[in-house]
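Biologist: Could you take me on a close look at a single part of this protein, and then at whatever you'd like to show me next? I'm new to this, so please go slowly.

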Amino acid sequence: MPLALSSDQLRAVAAAAVDQARRAGADQCEAEATQSAGLNVTVRMGALETLEHIGEQGLSVTVYLRGSKGSASSGDLSAAAVRMAVEKALAIARHTGADDCAGLADPERMARDPPDLDLDHPWPIDVEAAKALALEAEQAAFAVDARVDNSEGATVSTSENEFFYANSHGFVGGYRGTSHSLYCAVVAQDGDSMERDDWYTTERTASALEAAAAVGRRAGERAVARLNPRKLATQTAPVLLAPWIAAGFIGHAVSALHGGALYRKTSFLLDSVDRRVFSPCVDILEDPFVARGYASAPFDAEGVACLRRPVVEQGVVRGYFLSSYSARKLGLPTTGNAGGNHNLLVSPTVEDDLRGLMRTMQRGLVVTELMGQGVNMVTGDYSRGAAGFWVEGGEIVHPVSEITISGNLLELYRRIVAIGHDIDRRGSKQVGSVLIESMQIAGT
């Protein structure tokens, strides 16, 4: 499903909104025009379940009047709708209080020559072809084991998005990007034991996706492996986080290093720059310029040129994630992170994958799923329901469920002893398996 507007047309919408706001009296103004198109096809138990065609457009306008801010949005990109959005934003600004930190990013920080990061690769797949791929994934999951006897469905998704951001510094920039994915979730049953698991692949280019049969097979194998889990006795033991779990574990630190949490003082990592927070084996690089990267961008949501920079070096925090507003609140320069972090690359410390780190651990818990939201971002206290596998002699001996892992993140980050080479590249935080020296495990 192609995008409705040309790039020139979408760019003109954003530029027109800024021009109208300036002529109507705004001191500063910014606008973002977006469009998206896509297809989602889901099958379940061998039959088509849902079919969704996506086609959306939007405009957001923000104006500043003597330090007061007003914002408005519209799902209509017509000239009349653009004028109305600008008028509404100005009306709101006239009734809000002034904020000395409000306003556009500094003009000298605008991205004047943004690179092409090769993010746009449309997938001309039709409904029947998408359905066939989804069916192939589901059938492969069922073929793993007779105990895989139910399905939550398999979905093929493709989307293309484009935006243009413009502001009264004279900046106008934007680009297109694509995202394609294949997902499968199934249920396995053995007597009274019933377990669900899934797998997915997502890429900028369809040719880089894992094969449909491989995705389904992985989902089926994961569900079967979890059957007949046992509880554990309450104890302290080493814990090995699978890569997709480790990404979230590292993500708690990223959230605590974001400007909003810092200036509101709702972060357990206040004043942490140049302080050792992680184990010395931890290095994290933010690289917005990875070709076809999931979180790649030449500039942030304010038009500020992105930076390739170390965030953590040998366990020491080297920088925060700041927009221009949060930076002003903290008396610091923006880091080009309005809109969030870019690709965070956590360096592996060993050549081992999950299996290899199990042999290093010898005895302990492998965590493959977490439940609940038990993270206190003010204190760093951490407590999550978990499931996974118990390891003895470096090998899995049985699946585990109905346990809780806990500790304080400030301590747990220092207890990281190894990071695997099995990097999960499906998100903005790219990390391998993480071995933690010890955690509290609550069970029976």
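Modeller: Sure, let's start with the second largest pocket, where strand β2 gives the largest share of the lining, four residues. Keep in mind that this is a predicted model. The pocket has a volume of about 330 Å³. It is lined by 22 residues, and the closest to its centre are Glu-30, Thr-62, Tyr-64, Lys-69 and Glu-302. Which elements give two or more residues to that lining? They are β1 (28–44), β2 (47–65), β3 (68–74) and α7 (324–330). As for the chemistry, nine of the lining residues are nonpolar, eight are polar and five are charged.

Now for the rings. The structure holds 10 aromatic pairs. A pair of aromatic rings is described by the distance of the centres and the angle of the planes. Take Phe-171 and Phe-299: their centres are 5.2 Å apart with 80° between the planes, which makes the pair edge-to-face. Where do these two sit in the chain? Phe-171 is in the loop between β4 (148–167) and β5 (172–190), while Phe-299 is in the loop between β8 (284–286) and β9 (309–313), so their pairing ties together parts that are 128 residues apart in sequence.

Are these two rings buried or exposed? The cut-off for buried is under 20% relative accessible area. Phe-171 has 4%, so Phe-171 counts as buried. Phe-299 has 3%, so Phe-299 is buried too.

Phe-299 also pairs with Tyr-175, again edge-to-face, at 5.8 Å centre to centre and 70° between the planes. Tyr-175 lies in strand β5 and Phe-299 in that loop between β8 and β9, so this pair ties together parts that are 124 residues apart in sequence. Tyr-175 has a relative accessibility of 23%, so Tyr-175 counts as partly exposed. Put these rings together with Phe-163 and Tyr-165 and you have one aromatic cluster: Phe-163, Tyr-165, Phe-171, Tyr-175 and Phe-299.

One last thing to look for is arginines over rings. Arg-309 lies over the face of Phe-321, at 5.2 Å from the ring centre. Then there's Arg-426, which lies over the face of Tyr-200 at 4.0 Å from the ring centre.

How values were computed. Residues numbered from 1 in each chain as written. Predicted model: local features only at pLDDT ≥ 70, side-chain atom pairs only at ≥ 80, totals over all residues. Heavy atoms only, no water. 1 Å grid on protein atoms, 1.4 Å probe; cavity = no way out; pocket = protein on both sides within 12 Å on 5 of 7 lines; lining within 4 Å. Points joined across faces, edges and corners; volume = space filled by probe spheres on them. Nonpolar A, V, L, I, M, F, W, Y, C, P; charged D, E, K, R; others polar. Phe/Tyr/Trp six-rings, centres within 6.5 Å; stacked < 30°, edge-to-face > 60°. Buried < 20%, exposed > 50% of the residue type's maximum accessible area, 1.4 Å probe, protein only. Lys NZ or Arg CZ within 6 Å of the ring centre and 35° of its normal.
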